[in-house]
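User: I'd like to practise reading some features off a model. Could you walk me through them one at a time?

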Amino acid sequence: MPISGRNYVLGADFGSDSVRAVVIDLADGTMCAQAVCAYPRWAAGFYQQPEEGIFRQHPADYLEALEKVAAEALEAAGDAVRKAVRGIAVDTTGSTPCPVDRAGTPLALIAGFEGNPSAMFHLWKDHAAVSEAGEINRALSDWHGLDYTKYQGLYSSEWYWAKILRTNRLSEKIRQAAFSWVEHCDWITGELAGNTDPLTMYRCSCAAGHKALWHSEWNGLPDAECLGTLDPSLKRIALNFGRNVRPAGTKVGMLCEKWMKKLGLPEGVAVGGCSFDAHAGAVGAGVRERVLVANIGTSAVDMMVERAEHLRGRQMTYACGMAEDSILPGYMGIEAGQSAFGDVYAWLKHFLIWPSEQFGDEAMKNKLSEKLLGELTRQAEALDIGGVLPALDWFNGRRYPYADEFARGAIAGLSLGTDPPRVFQSLVLATAFGWKRIVDSLSREGLAIEKVLAVGGIAQKSPYVMQTMADVLERPVFVSASAQACARGAAIFAAVACGAYPDMIAAQDGICEGYVSEYAPDITRKEVYAGAFRRYCRLGEAVG
């Protein structure tokens, strides 16, 4: 039954560095309050080895940050709002799994594993399992004539089974202690609902489908015997995964007493099913059929939804992955993206401020850090597009099209006269061209794209990048009005779970904010961009 009176929901978005919370008024979608909290251990640089592609996060960071950020948002909203909260839901990065014991407790919270990075959550961008991903592709692509990778394409080191396989090979202690592995989004949801039992806890369709290869065609996960050929421990993990895979917005249960007390919330708060952050951002931006949502931040994820019957027989794994109910219930969620987008610009920034870091000039370092990208943007905007240096955006591997984790970025045509603004221009064009290849691939496969929506930090903060993307794509790009689209998406999950709306689309109609700006393509530079794009593709062929 629909709820009555003035009511609210809380959505929490766990990003790579921090968690953000929003309190949303169900009457009109107004954001009453928001808050952000960085993960304390992660902010201190713990459990990161970038040179080896290892990025781990401690579960205590998640718990402490959630308690703090939710409390701050609810305090800002006021006591009357706090008493009228009816639902709560989250989204997180992914694939970010963690080994857990029989009760679903992360091993890092158990005596004997406290400081062991392998016992923590393996962040999405952890690329330590590249060789294991290759083995998984070989084993799962032809199991008695069945291809378990047929909907996702080449399996990635960023994903669930690859991380488990590598960890279990390196640590017999983890292998023996882990009853199962649980994604970050599912574990937080289980914590809130008071059920982290791996066999019965909620597991979201988004993570299960896109990263663990769950699909109705084979009635769940890939065959446990098949996974066991890679390592016997994977068979056990598969058998201990449970069967409670459901879409975001599902009512998982009620907020448990422990978290009621921590957050000061009343009884009867529904806990909604979750998803990964980019997918929640698509929901928060207003994804529909024929609408592409580009979530542009440190990396980029492009999402669409389509009816399964319209995709039957299409082979699109070179360009994207597809999973059932992963974005909106009742639809196939289509996901493509770039492993590095804003991270490419961040690389140049860090490269250029290196001297100030080495020579201990803290004031100069801070000044450069604050102003460098702004000045690079100002000067790059004035440069002629016809002279742009060909560059590739594969700084963290190439995700789509044609996934290749060993691919790397490149810049061609450098001379003694090349300056930083010209390099920055080339990198902005490279990221825009990488995005164009993805969108063009989806269009060639018959997916109708009537509107392109952008969300994320870059969409909100960089008119130069957004205008470049519109020019390159040769179609308008709309920027979502929501500065917290992912957290708003989580709030939509909570709104459906508590019964305020009958389904996700109705909740979007009531809670989404529309768009704040439109970037129209500059058709006068169409041919110049087309020539630069051809050079980008030729460089990719040569380097690839």
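User: Let's begin with empty space. What volume does the largest cavity have?

Analyst: Rolling a probe the size of a water molecule over the atoms shows where empty space is left. Here the largest cavity comes to about 80 Å³. Of its 14 lining residues, Gln338, Asp393, Trp394, Arg398 and Tyr400 are the closest to the centre. A cavity here is a set of points, on a 1 Å grid over the protein atoms alone, where a 1.4 Å probe fits but cannot get out; lining residues have an atom within 4 Å of a point. Grid points are joined across faces, edges and corners, and the volume is the space filled by probe spheres set on them. Keep in mind that this is a predicted model: local features need pLDDT of at least 70, side-chain atom pairs count only at pLDDT 80 or more, and totals for chains, interfaces and linings use all residues. Residues are numbered from 1 along each chain as its sequence is written, and side-chain values use heavy atoms, with hydrogens and water left out.

User: Which strand and which helix each supply at least two residues of that lining?

Analyst: Those are strand S18 (332-338) and helix H16 (420-444). Both names come from DSSP runs, numbered from the N terminus: helices are H or I with at least four residues, strands E with at least two. By class, the lining of the largest cavity has five nonpolar, five polar and four charged residues. Nonpolar covers Ala, Val, Leu, Ile, Met, Phe, Trp, Tyr, Cys and Pro; charged covers Asp, Glu, Lys and Arg; the others, Gly among them, are polar. In total, the structure holds four cavities of 30 Å³ or more.

User: And open space: which residues are closest to the centre of the second largest pocket?

Analyst: A pocket is an open set of points with protein on both sides within 12 Å along at least five of seven lines. The second largest pocket has a volume of about 290 Å³. Of the 21 residues lining it, Tyr155, Ser156, Ala403, Asp404 and Glu405 are the closest to its centre. Its lining splits into eight nonpolar, eight polar and five charged residues.

User: Glu405 makes me think of Glu158. Is Glu158 buried or exposed?

Analyst: Glu158 has 5% relative accessibility, so it counts as buried. Buried means under 20% relative accessible area, exposed over 50%, and partly exposed in between (1.4 Å probe, protein chains only). Glu158 sits in the loop between helix H4 (130-140) and helix H5 (160-170). Its side chain makes a polar contact of 2.7 Å with that of His127. For that label, a pair of N or O atoms must lie within 3.5 Å; within protein, one must be able to donate a hydrogen and the other to accept it, and residues adjacent in sequence count only if both atoms are side-chain atoms. Leaving aside neighbours within four places in sequence, the contacts of Glu158 (heavy atoms within 4.5 Å) include Ser95, Arg399 and Glu405.

User: What should I look for in backbone geometry?

Analyst: Most residues other than glycine have a negative phi, and most peptide bonds are trans. Ser95, in the loop between strand S6 (85-92) and S7, is joined to Gly94 by a cis peptide bond with omega of about 10°. Another cis bond links Tyr400 and Pro401, with omega of about -10°; Pro401 is in the loop between strand S19 (391-392) and strand S20 (410-411). For positive phi, see Asn219, near 60°, and Glu474, near 65°. Asn219 is exposed, at 56% relative accessible area, whereas Glu474 is partly exposed, at 40%.

User: Back to S7. Which way do its residues point?

Analyst: In a regular strand the side chains alternate between the two faces of the sheet. In S7 (residues 97-100), Pro97 and Pro99 point one way and Cys98 and Val100 the other, and all are buried. S7 runs antiparallel to strand S9 (residues 180-183), with four bridges joining them; DSSP must find at least two for strands to pair. Cys98 has Val182 of S9 as its bridge partner.

User: How many residues of helix H7 are buried?

Analyst: In H7 (residues 184-193), 10 of the 10 are buried, so the helix is largely enclosed by the rest of the structure. Just after H7, Gly194 takes a positive phi of about 80°.
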